[in-house]
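Dear colleague,

I am handing over a structure to you, together with a written account of what was found in it. Please keep the sequence and the model open while you read the sections below.

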Amino acid sequence: MLRVIVACFCVWFGCEASAQAVDLSGCWSGSWESACTGHHGPLNARFEKCDEQQYRVTFSGRFFKIMPFRYSVTLHAVHEGDKVKLTGDSFLGRLMGTFTYDAEATESSFRASYSSCKDQGWFCLEKCCAAGCH
């Protein structure tokens, strides 16, 4: 309701409402799943804002339920209203190859597809509350 009042005020008096850019910084938790193999597991992430166009994201999780993994990637961000489109890639060694990411995020959810020469799948994450950070 308050947004409607502010928007009407701005229309009447000729000012522009400044939209707050979505900030993805912080802890995220969820899961990953391979579309090729059906493997899946828990996934956590820590987003650190580099600047308005980039986030450094550290992903950690488990493969085969017991094998931990951890890696970081810089994702390029384009703000589109209350959403952020993110893209990037990371080389995870000769065995895994280069993974590319295409994602969309809001203040509370992150959905990404990933692909490499050997695998493709998706990440689904939700933003953690401050007490739930890892």
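**The loop between β3 and β4**

K65 is exposed, with a relative accessible area of 72%. Please bear in mind from the outset that this is a predicted model. K65 lies in the loop between β3 and β4, and its phi is near 65°, a positive value in a residue other than glycine.

F64 is also found in the loop between β3 and β4. What is the phi of F64? The value is near 55°, again positive in a residue that is not glycine. In its accessibility, F64 is partly exposed, at a relative accessible area of 46%. That figure falls between 20% and 50%, and therefore F64 is placed in the middle class. K65, at 72%, is over the 50% limit and so counts as exposed.

**The strands and their hairpins**

The next topic is the pairing of strands. β1 and strand β2 (residues 40-51) run antiparallel to each other and pair over 8 bridges. One place to look for this pairing is G26, which stands opposite F47 in β2. The hairpin of β1 and β2 has 5 residues between the strands. Within that hairpin, G38 takes a positive phi near 85°.

β2 also pairs with strand β3 (residues 54-63), once more in the antiparallel sense and over 8 bridges. Here R46 has T58 in β3 as its bridge partner. How many residues join β2 to β3 in their hairpin? The connection is made through 2 residues.

**Salt bridges**

The count of salt bridges in the model comes to 4. Three of them are described here, beginning with E52 and K49. The closest N and O atoms of E52 and K49 are 3.1 Å apart. The limit for a salt bridge is 4 Å, so this pair qualifies. Are these two residues buried or exposed? E52 is partly exposed, with a relative accessible area of 40%, and K49 is partly exposed as well, at 33%.

A further salt bridge brings together the side chains of K83 and E104, at 3.5 Å from N to O. K83 belongs to strand β5 (residues 83-91) and E104 to strand β6 (residues 98-105), so this salt bridge ties together parts that are 21 residues apart in sequence. K83 counts as partly exposed at 34% relative accessibility, and E104 is partly exposed with a relative accessible area of 29%.

E104 has another partner in K85, and the closest N and O atoms of that salt bridge are 2.5 Å apart. The pair links distant parts of the chain, since K85 is in strand β5 and E104 is in strand β6, 19 residues apart. K85, at 31% relative accessibility, counts as partly exposed. Through shared partners, the salt bridges join K83, K85 and E104 into one network.

**The largest pocket**

Let us now turn to open space in the model. Rolling a probe the size of a water molecule over the atoms shows where empty space is left. The largest pocket has a volume of about 480 Å³. It is lined by 18 residues, of which F63, F69, L92, M96 and F99 are the closest to its centre. β1 (26-34), β4 (67-80) and β6 are the elements that give two or more residues to this lining.

Which element gives the most to the lining of the largest pocket? That element is β4, with 5 residues. By residue class, the lining divides into 12 nonpolar, 3 polar and 3 charged residues.

**Cysteines and disulfides**

The last topic concerns the cysteines. A disulfide is a covalent bond between the sulfur atoms of two cysteines. How many disulfides does the structure hold? The number is 0. C117 is exposed, with a relative accessible area of 70%, whereas C124 is partly exposed, at 29%. C117 is classed as exposed because its value is over 50%, while C124 is classed as partly exposed because its value lies between 20% and 50%.

Yours faithfully

Methods: Residues are numbered from 1 along each chain as its sequence is written. This is a predicted model: local features need pLDDT of at least 70, side-chain atom pairs count only at pLDDT 80 or more; totals for chains, interfaces and linings use all residues. Side-chain values use heavy atoms; hydrogens and water are left out. Buried means under 20% relative accessible area, exposed over 50%, partly exposed in between (1.4 Å probe, protein chains only). Helices (H or I, at least four residues) and strands (E, at least two) are DSSP runs, numbered from the N terminus. On a 1 Å grid over the protein atoms alone, a cavity is a set of points where a 1.4 Å probe fits but cannot get out, and a pocket is an open set with protein on both sides within 12 Å along at least five of seven lines; lining residues have an atom within 4 Å of a point. Grid points are joined across faces, edges and corners, and a volume is the space filled by probe spheres set on the points. Ala, Val, Leu, Ile, Met, Phe, Trp, Tyr, Cys and Pro count as nonpolar, Asp, Glu, Lys and Arg as charged, and the others, Gly among them, as polar. Two strands pair if DSSP finds at least two bridges between them. A disulfide is a pair of cysteine sulfur atoms within 2.5 Å.
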